[in-house]
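Me: Please show the structure. I would like to go through its charged side chains.

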Amino acid sequence: KGEHIALTWNDVDLEAKYIRINKGVYEKDRKTMVKDTKTDSSNRVVYIDDRVIELFRRHKFHQDKWLSKHQLTNPHGYVFLKAVTDRVEMPSLGFFYGWLRNFLRENGIKHVGIHGFRRMAASYALSNKVPLDVVKNMLGHTDISTTNIYLRDLQDFQREGTAVVSNAYNKLINNEGK
């Protein structure tokens, strides 16, 4: 969440199709503050597809329209905003959850939490033979053992899938034998 909240429009390159992750946030005295990412490997470029680009364009359009309507500016270029009386600022970590829920609903996307998106991206990448070290870099992990957690999750799902198929097959065999 912190990396998303810290995003500015300067970090988003819709033409080159990537987002530059280079900062995060923390909260101090009920105020959201920008900080460096956790590790050097957390600084990274995340490539995006045409669907994500379209969502960013829509978001920017609605943000600009909202700012104009309320006669506000976004001097820091934050992608995600919170209105505070006569200005905008970076939202809190908790605010982002509500924003994401509403955004997904408004765009017809099934609800998935922010970490769910990370897990889903890692799992899909790994299940489609993207090398573990590439997924590690996508997620900004320093240690491949952290990324390996996603691989273990994927292996658990594969085991569960095998068990489901095996049980169905055994039921077929048992019913045919009677």
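**Charged side chains**

Reply: Lys136 lies in helix H5, residues 132-139; helices (H or I, at least four residues) and strands (E, at least two) are DSSP runs, numbered from the N terminus. This is a predicted model, in which local features need pLDDT of at least 70, side-chain atom pairs count only at pLDDT 80 or more, and totals for chains, interfaces and linings use all residues. Residues are numbered from 1 along each chain as its sequence is written, and side-chain values use heavy atoms, with hydrogens and water left out.

Me: Which side chain of opposite charge is nearest to Lys136?

Reply: Lys and Arg count as positive, Asp and Glu as negative, with His and the chain ends not counted. Lys136 is buried (under 20% relative accessible area; exposed is over 50%, partly exposed in between; 1.4 Å probe, protein chains only). Lys136 has no salt bridge (a side-chain nitrogen of Lys or Arg within 4 Å of a carboxyl oxygen of Asp or Glu). The nearest side chain of opposite charge, 7.3 Å away, is Asp133.

Me: How many residues apart in sequence are the parts that Lys17 and Asp50 tie together?

Reply: Lys17 and Asp50 form a salt bridge, with the closest N and O atoms 2.8 Å apart. Lys17 lies in the loop between strands E1 (12-13) and E2 (18-21) and Asp50 in helix H2 (residues 50-69), so the parts tied together are apart in sequence by 33 residues.

Me: Is Glu89 buried or exposed?

Reply: Glu89 forms a salt bridge with Lys31 (3.8 Å, N to O) and another with Arg87 (3.3 Å). At 14% relative accessibility, Glu89 counts as buried.
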